[in-house]
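Let's take a walk through some helix packing. Have the structure open and ready to rotate as you read.

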Amino acid sequence: MLKDILYVERLKLKRSKMWLIYIIGPLLGVFLAYINFFKNYDLFMNPGDNAWIEAWTQVALFMGPFVLPILVGVYAALICRSEHVGGGWKQLLALPISHSNIFFGKFLTIIRMIVITMLILMILFISFGYLIGMDGNLPVFTLLGYMIRGILACLPLVVLQLIVSIRSKTFGIPLAVTIVFTLPAIFLHYQRLL
């Protein structure tokens, strides 16, 4: 049953222009990260540091608190949008499918979208790094570990965004929730450093 739900969710997304979001989000994160890294190269690099790891810290800085939470909100809103249009929730909930399977199917679909985003992010990061001529050895397993941690860190946000997206009919409320929770968290985090 869950396999059928995942298939239907994938079919619904096939009609959207999802590939634009898959590319624009990671491209923005990598672009901002490399600009910041090379602008402050002397500050980030100490003798013996690996440039790839130091550059990835900048990707994590821009993707983690800014881009990725917004993408999760967009993904959750897109997943639930087709049900909100034309009374799709009534039709879906009338089927002999448990509500938990529907929720879990949507949850796994959003996780799949995040994994795709993170893979594209990694490909862009490595590609731009080689094009720019980054120094040092590429620590593939370390970067994969960072990517997996980023995906795992998104899980609570996915649940929250999915609940909000299921309950709200407008596309803007999940994004507003993301901004309302993300900006104070960033502010409080950086207050400690001042």
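At roughly what angle do the axes of helix H2 and helix H6 cross, and within what distance do they come? Keep in mind that this is a predicted model. Start with H2, which covers residues 18-39, and H6, which covers residues 99-132. Their axes come within 9 Å and cross at roughly 40 degrees. That angle is why H2 counts as oblique to H6, and the crossing is right-handed.

So who does the touching? On the H2 side, the contact is made by Met18, Tyr22, Ile23, Pro26, Leu27, Val30, Tyr34 and Phe38. H6 answers with Met113, Ile116, Thr117, Ile120, Leu121, Leu124, Phe125, Phe128, Gly129 and Ile132. Sort the residues of this contact by type and you get 16 nonpolar, two polar and no charged.

Now swing over to helix H1, residues 2-14, which also meets H6. Here the axes come within 9 Å and cross at roughly 55 degrees. H1 is therefore oblique to H6, with a right-handed crossing.

The cast on the H1 side is Leu2, Ile5, Leu6, Glu9, Arg10, Lys12 and Leu13. Facing them from H6 are Asn101, Ile102, Phe104, Gly105, Lys106, Leu108, Thr109, Arg112 and Met113. What mix of residue types does the contact of H1 with H6 hold? It divides into eight nonpolar, three polar and five charged.

One residue to click on before you go is Met113 of H6: it takes part in the contact with H2 and in the contact with H1.

Definitions and conventions:
Residues are numbered from 1 along each chain as its sequence is written. This is a predicted model: local features need pLDDT of at least 70, side-chain atom pairs count only at pLDDT 80 or more; totals for chains, interfaces and linings use all residues. Side-chain values use heavy atoms; hydrogens and water are left out. Axes are lines fitted to C-alpha atoms, for helices over the stretch in contact, and angles run from 0 to 180 degrees between N-to-C directions. Helices (H or I, at least four residues) and strands (E, at least two) are DSSP runs, numbered from the N terminus. Angles under 35 degrees count as roughly parallel, over 145 as roughly antiparallel, 65 to 115 as roughly perpendicular and the rest as oblique. A crossing is left-handed if the near helix is turned anticlockwise from the far one by less than a right angle, and right-handed if clockwise. Contact means heavy atoms within 4.5 Å. Ala, Val, Leu, Ile, Met, Phe, Trp, Tyr, Cys and Pro count as nonpolar, Asp, Glu, Lys and Arg as charged, and the others, Gly among them, as polar.
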